[in-house]
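Dear colleague,

I am handing over the structure below, and after it I set out what was found in it. Please keep it open beside this message as you read.

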Amino acid sequence: MQLLMQPLASIHPGPPSHITVCTRPFRAQGPRIEAERLGSKLLVHNYGHGGSGWSLSWGSATAAMQLAFADTGTSPAGRPVAVIGCGALGLTLATLLQQAGAHVTIYARDQPQQTRSFRATGAWTPDSRVALAKSLPSTFAHHWQHMARISWHRYAQYLAKPSHPVEFTPRYILSDLPPDEAEAAYLAADPIGFAHLRPAIADLHPELQDFPPGTHPFPTRYARRVPQLTFNITQLVHLLTTDFLQAGGHLETRTFLTPADLLQLPQPTLFNCTGYGARALFADESIIPVRGQIAWLPPQPTCNYSILRGPLNLVCRRDGIVLQLSAQGEATGYQDPNELPDPHEAEQALRHFRYLYKQP
């Protein structure tokens, strides 16, 4: 029988240092990775990844780059290209193009630290709100698996970096139901019908450890532990941006109001990685906002784990401790474009947190 009786490092429950809100760009049919002609230019879209942007970023970037150069049979080497947007999708695609020899300029309204991607939870969630099960194209599951595997192996290259932009941390999944029943109840409670695709990449998942009642210190009957790939987004964004600029890339602040504005750019090949911004820029109403709020506690060096219990998702990152409340499961925030912080929601998250640690 597995035993886990030692208490985890306690987290100080002080008031949140700040609250952030991220609007995930969800599309029922999954991410848009398509090419079209815009005047004399080739425009490749790469957006709409829901809550899986960071997790699928490298695989999605690979697909977008291959799509751009497949028809002509040419290589990116030596070619001037433009990436629109510098969130998770923009930064990783710009890096991949640059490493393939392209001369890359990123055009973005915001700096990387101001993007919605910078406000993400920071956990490996490759099928989080990525599509609706009933709306999936027949080839989607295959392409999704390919993107997930590419991204997983690419992020493995960042595990040994000194700044710890990516690392494995223990994740504890807590429930009063046996694990199989808890998983079934979670899936049955989804009123939206999101696609759940992770079983197809089960070989990538580190082995789960189950802790029956009486074998762990948590205030629930059952606990499961699994190593989780965690993104320390402050360090990751800094590393990607710094490496891109030091390798000769350019980052230019510019706002585009209509697709016609893109025709002013000198590059013949453009990659649209504007995420939720594509809804306004391209009048793409297939993008559905899914609001997510984080209440942040200051980072604590001794805390390097995450916990999922009921509606509370707690993730200890090196750049801060995430408290995220999902009262309606994955349906939380669906079709909600409001990006204003909600102090009441943050206080509810803190109440769940205090109960977890048996604090007043």
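Within this predicted model, Leu42 has Thr269 of strand β10 standing opposite. That pair belongs to a longer stretch of pairing, since strand β3 (residues 41–47) and strand β10 (residues 269–272) run parallel and are joined by 4 bridges.

Both strands are part of an open sheet of 6 strands with mixed pairing, whose order is β2-β3-β10-β4-β5-β9. The edges are taken by β2 (32–38) and β9 (250–253), and because each of these has a single partner strand, one side of each is left without a neighbour in the sheet. On average, and with direction ignored, neighbouring strands of the sheet are turned by 20° against each other. Helix α5 (residues 233–246) packs on this sheet, where the helix touches β5 (103–108) as well as β9, and the direction of the helix makes about 110° with that of β9.

A second place to look at is Ala64, which lies in helix α1 (residues 53–70). Is this residue buried or exposed? Ala64 has a relative accessibility of 0%, which is under the cut-off of 20%, and therefore Ala64 counts as buried. Leaving aside residues up to four places away in sequence, the contacts of Ala64 are with Ile33, Val44, Asn46, Leu93 and Phe271. As for Leu93, it is 29 residues apart from Ala64 in sequence, while the two C-alpha atoms are 8.0 Å apart in space.

With best regards

How values were computed: Residues numbered from 1 in each chain as written. Predicted model: local features only at pLDDT ≥ 70, side-chain atom pairs only at ≥ 80, totals over all residues. Heavy atoms only, no water. Pairing = 2+ DSSP bridges. Helix = DSSP H or I, 4+ residues; strand = E, 2+ residues; numbered from the N terminus. Axes fitted to C-alpha atoms, helices over the stretch in contact; angles between N-to-C directions. Contact = heavy atoms within 4.5 Å. Buried < 20%, exposed > 50% of the residue type's maximum accessible area, 1.4 Å probe, protein only.
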